[in-house]
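Colleague: Could you take me through this model step by step, so that I can see how each answer is reached?

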Amino acid sequence: MAPKSRQGKATASRPDSETEAASAPPIFFLRTKLLPPRPAPELLSRPRLADRLLTNLANPLTLVTANAGSGKTTLVADFLRTHERKFVWYQLDHTDKDPFVFLGYLTFGIHQVVPDFGKATFAYLNESSAELAQQPERAVDVLINEVLEKVEQQLILVLDDYHHLGLQTPVHAALDRLLAYLPDVMHVVVISREVPPIALARMRTHSPDSIIDRADLLFTDDETRQLFRKVFDIELTAEQLAEYRERTHGWITALQLVRQVAQKTVRRSGQTGSTDLVEILRQSERDIFDYFAEEVFSDESEDVQRFLLRISLLDRIELDTCAALFEDSNCARLLPTLVKRNVFLTVAGDGPGEEYRLHPLFQSFLRRRLRSEVGRTGVADEHQRFARYFFSRGSWEKGVRHLLVAEDFVKAAEVIAERGAEWITSGALS
Ligand SMILES: Nc1ncnc2c1ncn2[C@@H]1O[C@H](COP(=O)(O)OP(=O)(O)OP(=O)(O)O)[C@@H](O)[C@H]1O
Ligand SMILES: [Mg+2]
């Protein structure tokens, strides 16, 4: 039986021989989704939390859950790097709600670490893709069996931004199954802004180290002092420390921002601080963020500001896409420079195919700002331009996404009618 294609592009380069095809990975994989974030240049390692991660490796699952910008991703990425563990890093987005896609990436990720791995699971996925939404557990059993057979060294599986999957997806059942029968050789780390709807009760009885939450992630006084001393090269007085605690409660994003703004104030006027900061820091996290983001943003040149506003409309910022869409900006030079200077832009992966990621809070700040500058029509025009580019590259699904954001439902419907039957069944357009 020929493998079923779940994505528009998938059939194009499948292997000729049917047996080979059945056990081959579907080819729509986006390599960048399996890349870990590169550690930020300014980083404080946090042994009290890393030790908990280490201790809990003996259990099947660690859940790291806290609001945006709490240092979840940084903590886990730093832990993996400093402890030199084998791992698969899977950056989730809304398209991973489909168990076929989810299990496909999982298998492909493990295959990248254990080259022998994947034949049996891919074969099963390809043959039973239609039933997967109803019974993802069976495919998980196949995967578990293959792990037992092929994976010999401890392997940590990180699912970052799990909250993107939302509440309604068979993936939760698949993950539950995986955790219930997880071979000892594997450990799963789920990173999420919200507590995911998986069977946590079982997990809690295992160990108190299984959950790292917002309260755990908040920087202690000691960590704040060290962060300023080691990373920012500033010695805080007891009063300053108390003020920062009062202002930020140890929320790392606010600490970073307060410090950036304070530095700028020093550069400008030779004084530290500003009296209304205390008031600002009493507001909601979004308002706090917007206040500081505005400060950081206004420091950039007009060209860079324009560039940041425009790239914020992209879901994924890949170098070649960026270079094609913004020909007048030197993306290859600009993006790495911004990463070095700005805490809001990070990069995943090395060399060609790398992907840049805007801090989600900064991205939504930029999008709101762009809209206030160019209006709905201006934003829609830009999305239309992106859509044309993606269509010209045969990236139909990405193109349609931009049409939908531009509210061009007629054109989107045309493309979907022509190409989209499989995407809809796969949940990619839900
Ligand atoms: N230990 C640390 N030392 C220095 N900076 C840190 C540390 N942890 C986090 N940060 C900084 O704080 C910001 C937020 O961190 P991070 O992206 O890890 O948060 P997150 O909880 O994963 O956020 P999100 O929910 O948006 O994914 C980043 O700018 C990061 O560089
Ligand atoms: Mg994160």
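## Reading the predicted model

Modeller: Let us begin with the shell around ligand 1, whose residues divide into 10 nonpolar, 7 polar and 4 charged; please keep in mind throughout that this is a predicted model.

Colleague: Which residues around ligand 1 come nearest?

Modeller: The shell draws on several helices, and helix H3 (72-83), helix H10 (221-231) and helix H12 (252-269) each supply at least two of its residues. Of the 21 residues around the ligand, those that come nearest are Ala40, Gly71, Lys72, Thr73 and Thr74.

Colleague: How many helices and strands does the protein chain have, and in what order do the strands of the open sheet lie?

Modeller: The protein chain has 21 helices and 8 strands. In the open sheet, 5 strands are paired in parallel fashion, and neighbouring strands are turned by 10 degrees against each other on average, direction ignored. The edge strands, which each pair on one side only, are S2 (87-91) and S5 (211-213), and the full order is S2-S3-S4-S1-S5.

Colleague: What is the bridge partner of threonine 65 in S5?

Modeller: Strand S1 (residues 61-65) runs parallel to S5, and 3 bridges join the two. Within this pairing, the partner of threonine 65 is aspartate 213.

Colleague: Which helix gives the largest share of the largest nonpolar core?

Modeller: In soluble globular proteins, nonpolar side chains tend to be buried together. Here the largest core has 52 residues, and Val76, Val88, Tyr90, Leu103, Val158, Leu159 and Ile191 are the members that touch the most others. The largest share, 8 residues, comes from helix H4 (residues 99-113).

Colleague: Which residues does leucine 159 touch, leaving aside those up to four places away in sequence?

Modeller: Leucine 159 is one of the core members that touch the most others. With residues up to four places away left out, leucine 159 touches Tyr90, Leu92, Val188, Val190 and Ile191.

Colleague: Why is helix H19 described as largely enclosed by the rest of the structure, and which of its residues are buried?

Modeller: Across the protein chain, 37% of the 430 residues count as buried. In helix H19 (residues 396-405), 7 of the 10 residues are buried, so this helix is largely enclosed by the rest of the structure. Those buried residues are Trp396, Glu397, Gly399, Val400, Arg401, His402 and Leu403.

Colleague: What phi does glutamate 407 take?

Modeller: Glutamate 407 comes just after H19 in the chain. The phi of glutamate 407 is positive, at about 60 degrees.

Definitions and conventions
Residues are numbered from 1 along each chain as its sequence is written. Chains are lettered from A and ligands numbered from 1 in the order in which they are written. This is a predicted model: local features need pLDDT of at least 70, side-chain atom pairs count only at pLDDT 80 or more; totals for chains, interfaces and linings use all residues. Two strands pair if DSSP finds at least two bridges between them. Helices (H or I, at least four residues) and strands (E, at least two) are DSSP runs, numbered from the N terminus. Axes are lines fitted to C-alpha atoms, for helices over the stretch in contact, and angles run from 0 to 180 degrees between N-to-C directions. A nonpolar core is a set of buried Ala, Val, Leu, Ile, Met, Phe, Trp, Tyr and Cys residues joined through C-beta atoms within 7 Å. A residue is buried if 20 or more other C-beta atoms lie within 10 Å of its own, exposed if 12 or fewer, and partly exposed in between; C-beta atoms are placed from the backbone. Two residues are in contact if their C-beta atoms, placed from the backbone, lie within 7 Å. A residue is near a molecule or strand if its C-beta atom, placed from the backbone, lies within 6 Å of it. Ala, Val, Leu, Ile, Met, Phe, Trp, Tyr, Cys and Pro count as nonpolar, Asp, Glu, Lys and Arg as charged, and the others, Gly among them, as polar.
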